[in-house]
Amino acid sequence: MTDNTRLVHELSRELRAPLTVISGYLETLYDTHEEWQAPFDRMIKQSNRIDRLLNDLVYLTRLEEAENEAAQVAKVDIAAVIQMVTDEQRLYHPNKTFSYASSTQSDIQGNGDQLYTAFTKLLENAGENTAPDGCIEVLWHEVNGTRVLCIKDNGVGIEPQHLPRITDRFYRTDLNSDGVGLGLCIVKSILEHHSACLRISSEFGKGTAIECVFKLE
Amino acid sequence: MNAKKILIVEDEIAIREMIRTSLEMAGFECLEAGDAQDAHIQLVDNKPDLVLLDWMLPGNSGLELIRRMKRDTSIADVPVIMLTARTDEDNKIQGLNSGADDYVTKPFSVRELIARIKALLRRSASSSENSSYRMQGLQLDDKSHRVYIDDEAIDIGPTEYKLLRFFMANEDRAFSRSQILDNVWGGNVYIEERTVDVHIRRLRNALRRAGTSPIDYGLYIQTVRGTGYRFSSLVIQK
């Protein structure tokens, strides 16, 4: 473990104890003080955000660490992973349309849990950034000698000035969102582990297409 | 009605007091212990109905406490919920395999903790010989081998039936894929763990497509990231 990773892990462990105390009392206060519910609710949400930030940060340092080690690699049925992630997101957004099609061979050498995490983050983003009746198309197919997972939505899109920095650590396009700015950074890191790359194209107001491009084995 | 007694085993006083305050507000009676030895004394002397156990007690003593409990028939059946730090994925599995009944990760929601405590107390009070399970409009009848949603029988495969039966008998408890394999498929078969995912998907589909119910029972089969699955009617927290 590098010093950096150790610091992140220790820091997150040390912060979780006080966070547990703070959020625990806040919930009890929320339940017992009706006139203060709105502010308590905001405080609870912010402490949840610190928790998510710590989780993502620990996960990210772990990934970076794994780069130097032999990561756990096995045969992964990637179409099945995508199917599962799509099904799960459908449950969270029952009014949105998620379509899924797979048209290429689906086994790759990789880490199934990491891929599950990456695809979940991408589909969560797509689900959150579309209108209540939005459409998300998921496609696993072959393009010019590569295999590509394409996730296309008809959501709010990303303004062009954000695109070059969107996978940077702690970069957030919307400062008022609940995000912590590490999601795409994690996705990118996971794809790099699989010798794959991330391509993002977006038209503001119309939607976003995200592609994970894998080499043919 | 007698208040249920909960033993809180946690070495950090601030966390222990917070839990105590929340649980007392919810009508529980609380006992406290700062280490495993004190916890064992309280278990024997005060017979709590449930134990909340911090996994990070010094020197792996949380795990030892559970092992010691399991050897002592007078306290072996007291249900245990572990409090873990989220960074300890492996410990979670280890903990569930060693005899803890459920776990929550710090920082946890006290509402969720209370719901888990209640579910676990309900479960340990009801006999395990139940032949029918019900959760809201979802009903499983072991005599006819049928599953009903709002009193209408649904189509469900035999493996999915067994899987649902297992989940409904163990509401609100998280299981690893290998625990699900052992319990639903039987311990001595060699099946890839990912097989569980396939049947989970079919089960969710069977529950979702069924009837005109306003509730999507597929939602109740929840993925516990890095661990496995859980059946719960509690609101999903991302």
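## The β5–β7 pair and its sheet in chain A

In this predicted model, A:C150 sits across from A:E211 in β7(A). That pairing belongs to a ladder of eight bridges between β5 (residues 146-153) and β7 (residues 207-215) of chain A, two strands that run antiparallel. Strands of a sheet pair through backbone hydrogen bonds, either parallel or antiparallel.

Zoom out and you'll find an open sheet of five strands in chain A, ordered β2-β4-β5-β7-β6, with mixed pairing. Which strands stand at the edges? They are β2 (97-102) and β6 (197-203) of chain A; each has a single partner strand, so one side of each has no neighbour in the sheet. On average, and ignoring direction, neighbouring strands here are turned by 15 degrees against each other. Helix α3 (residues 78-92) of chain A packs on this sheet, where α3 touches β2, β4 (135-143) and β5 of chain A. The direction of α3 makes about 170 degrees with that of β2(A).

## Chain A as a whole

Chain A has five helices and seven strands. Read from the N terminus, its elements go α-α-β-α-β-β-α-β-β-α-β-β. The C-alpha trace spans about 60 × 45 × 35 Å along its principal axes. For 217 residues you'd expect a compact globule to have a radius of gyration near 17 Å, and the 19 Å of chain A agrees with that.

Buried residues come to 32% of the 217 in chain A. If you take the contacts in chain A between residues at least 6 apart in sequence, 71% of them join residues at least 24 apart.

## A helix on the inside

Why is helix α5 (residues 183-193) of chain A described as largely enclosed by the rest of the structure? Because nine of its eleven residues are buried. The buried ones in α5(A) are A:G183, A:L184, A:C185, A:I186, A:V187, A:K188, A:S189, A:I190 and A:L191, so a lysine, A:K188, is on the list too. An α-helix has 3.6 residues a turn, so residues three or four places apart point the same way.

## Two positive phi angles in chain A

Just after α5(A) comes A:S195, with a positive phi of about 50 degrees even though A:S195 is not a glycine. You'll find A:S195 in the loop between α5 and β6 of chain A. A:S195 counts as partly exposed, with 13 C-beta neighbours inside 10 Å.

A:N144 is another non-glycine with a positive phi, of about 45 degrees. A:N144 lies in the loop between β4 and β5 of chain A. Is A:N144 buried or exposed? A:N144 counts as exposed, because it has 7 C-beta neighbours inside 10 Å.

## Chain B: strands and a cis proline

Chain B has eight helices and twelve strands. Of its 238 residues, 39% are buried. Among contacts in chain B with a separation of 6 or more, 59% come from residues 24 or more positions apart.

Have a look at B:Y229 in β12(B): B:F175 stands opposite B:Y229, and so does B:T223. Strand β10 (residues 174-176) of chain B joins β12 (residues 228-231) of chain B through three bridges, running antiparallel. Strand β11 (residues 221-224) of chain B also pairs with β12(B) in the antiparallel sense, over four bridges. Elsewhere, B:K106 and B:P107 are linked by a cis peptide bond, with omega at about -5 degrees. B:P107 belongs to the loop between β5 (102-106) and α5 of chain B.

## Nonpolar cores

The largest nonpolar core holds 61 residues, and those touching the most other members are B:I6, B:L7, B:V9, B:L52, B:L53, B:I81 and B:M82. Setting aside neighbours within four places in sequence, B:I6 contacts B:L23, B:F28, B:C30, B:P48, B:D49, B:L50, B:L52 and B:I117. Another core, of 35 residues, lies apart from the largest one and includes A:V76, A:I78, A:L115 and A:L191. That last residue, A:L191, is one of the buried residues of α5(A).

## Where the chains meet

How many residues does each chain bring to the contact? Chain B gives 24 residues and chain A gives 22 residues. On the chain B side, α1 (13-25), α5 (110-125) and α8 (194-209) each supply at least two residues. The largest share there, seven residues, comes from α1(B). By type, the chain B side divides into ten nonpolar, six polar and eight charged residues.

Conventions. Residues numbered from 1 in each chain as written. Chains lettered and ligands numbered in written order. Predicted model: local features only at pLDDT ≥ 70, side-chain atom pairs only at ≥ 80, totals over all residues. Contact = placed C-beta atoms within 7 Å. Nonpolar A, V, L, I, M, F, W, Y, C, P; charged D, E, K, R; others polar. Pairing = 2+ DSSP bridges. Axes fitted to C-alpha atoms, helices over the stretch in contact; angles between N-to-C directions. Rg over C-alpha atoms; globule rule 2.2 N^0.38 Å. Buried ≥ 20, exposed ≤ 12 C-beta atoms within 10 Å, placed from the backbone. Core = buried A, V, L, I, M, F, W, Y, C linked by C-beta atoms within 7 Å.
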